Amino acid sequence: MSGERSGQALRIATWNVNSVTARLPRLNEWLELVEPDVLCLQETKTARFPSDHAEALGYEIAHHGDGRWNGVAILSRVGLEDVSLGFAEQPGYAPEDDETLLAVPKVEARAVGATCGGLRIWSLYVPNGRSLDSPHFPYKLDWLDRFRDVVAGEPRPLVVTGDFNIAPTDDDVWDIKAFRGSTHVTPDERARLSALLELGLTDVVPRPMKYDKPFTYYDYRAGMFHKNMGMRIDLVYASTGITVQDAWIDRDARKGTGPSDHCPVVVDLEL
DNA sequence: ATGTCGTGGACGCCACGA
């Protein structure tokens with residue numbers, strides 16, 4: 001499944017776990033099975049990362065989480081330095097339906113950066129956008145605009161990875177016709193991906209492992225996984241100069257008891 | 001595709017987000 005990596009390779013991965021607390025048994029067994037050097041997590045959904053097992057396996061952990069929603073982390077066994085919890089000018093979100101309080105934007109726990117074994121890496125949980133007419137949609141676009149400015153100033157080699165909540169092309173959803181009028185596929189969102197590519201990043205498209213499309217997310221409902229009705233929204237953007245040995249999606253992590261609705265994406269690279 | 005999860009507050013269900 002995972003193939004062989006050369007001695008110089010750095011194995012990085014990204015995984016939206018949909019609660020690290022609920023996923024802890026799956027996460028712990030996965031760390032021992034796949035042995036990533038650096039693992040970026042999204043939607044930890046907790047203020048306190050359950051770190052005991054990962055630390056026993058030799059990982060250092062940078063976690064940015066503040067409770068029930070969001071939460072991102074970087075686990076590294078090749079060093080963890082210069083941790084950034086969020087980023088400069090990161091926009092907040094003000095709930096529009098709160099008439100009792102001043103609408104103070106809340107900066108959410110959606111980004112963490114660190115330097116691991118000579119690689120600068122960011123774990124992102126990009127705002128979902130909800131619907132085209134929701135205030136969350138311009139928030140999503142603004143958030144990505146501001147993060148672009150961060151990428152422009154970051155050192156190389158650089159990897160920006162996580163749950164982008166954007167399908168880069170029409171082929172990255174099971175049926176583009178089902179997405180008419182929806183978020184995740186609009187030109188506005190894809191323009192933000194293009195803006196990252198223009199800064200010298202490359203979309204590392206993983207091998208699909210099964211079927212023809214490398215989907216990373218399947219809704220829990222309606223048997224979407226078994227019908228292969230998924231989306232590629234968990235992305236790995238690597239700076240030019242990084243050599244990719246292999247990139248694959250771990251569909252097995254979406255099977256069995258108590259899976260996340262997202263699959264991990266694993267990339268073996270040389271800096 | 002709308003069939004399921006996860007969280008936490010006030011519970012043995014509901015609201016919310018995805």
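Contact here means that heavy atoms lie within 4.5 Å, and in that sense asparagine 28, leaving aside its neighbours within four places in sequence, is in contact with His53 and Ala54. The structure is a predicted model, and the points below take up its nonpolar cores, two of its helices, a pair of strands and its largest pocket.

**Nonpolar cores**

- The largest nonpolar core has 28 residues, and those with the most contacts inside it are Ile12, Ile74, Ile121, Val159 and Val267.
- At least two residues of this core come from each of the strands β1 (10-16), β2 (38-42), β4 (72-76), β6 (111-116), β7 (119-125), β10 (234-239), β11 (243-249) and β12 (265-270).
- Another core, of 21 residues, lies apart from the largest one and includes Tyr139, Phe147, Val150 and Leu201.
- Isoleucine 121, when its neighbours within four places in sequence are left aside, is in contact with Ile12, Val38, Cys40, Ile74, Val112, Gly113, Ala114, Cys116, Val159 and Thr161.

**Strands β7 and β8**

- Strand β8 (residues 158-163) is mostly covered, since six of its six residues are buried.
- β7 and β8 pair in the parallel sense over six bridges, and arginine 120 stands opposite leucine 158 in β8.

**Helix α1**

- In helix α1 (residues 24-34), the buried residues are Arg26, Leu27, Asn28, Trp30, Leu31 and Val34, and what covers them includes β1, β2, α2 (52-56), β4, β11 and β12.
- Asparagine 28, which has its place in helix α1, counts as buried because its relative accessible area is 14%, where the cut-off for buried is under 20%.
- Just after α1, glutamate 35 takes a positive phi of about 55 degrees.

**Helix α4**

- Helix α4 (residues 187-197) has Glu189, Arg190, Arg192, Leu193, Ala195 and Leu196 as buried residues, and the buried residues of α4 pack against α3 (136-153), β9 (201-203) and β10.
- An α-helix has 3.6 residues a turn, so residues three or four places apart point the same way.

**Largest pocket**

- About 830 Å³ of space lies in the largest pocket, and of the 37 residues that line this pocket the closest to its centre are Glu43, Tyr125, Asn128, Arg130 and Asn165.
- By type, the residues of the lining of the largest pocket divide into 12 nonpolar, 12 polar and 13 charged.

Methods. Residues numbered from 1 in each chain as written. Chains lettered and ligands numbered in written order. Predicted model: local features only at pLDDT ≥ 70, side-chain atom pairs only at ≥ 80, totals over all residues. Heavy atoms only, no water. Core = buried A, V, L, I, M, F, W, Y, C linked by side-chain atoms within 4.5 Å. Buried < 20%, exposed > 50% of the residue type's maximum accessible area, 1.4 Å probe, protein only. Helix = DSSP H or I, 4+ residues; strand = E, 2+ residues; numbered from the N terminus. 1 Å grid on protein atoms, 1.4 Å probe; cavity = no way out; pocket = protein on both sides within 12 Å on 5 of 7 lines; lining within 4 Å. Points joined across faces, edges and corners; volume = space filled by probe spheres on them. Nonpolar A, V, L, I, M, F, W, Y, C, P; charged D, E, K, R; others polar. Pairing = 2+ DSSP bridges.
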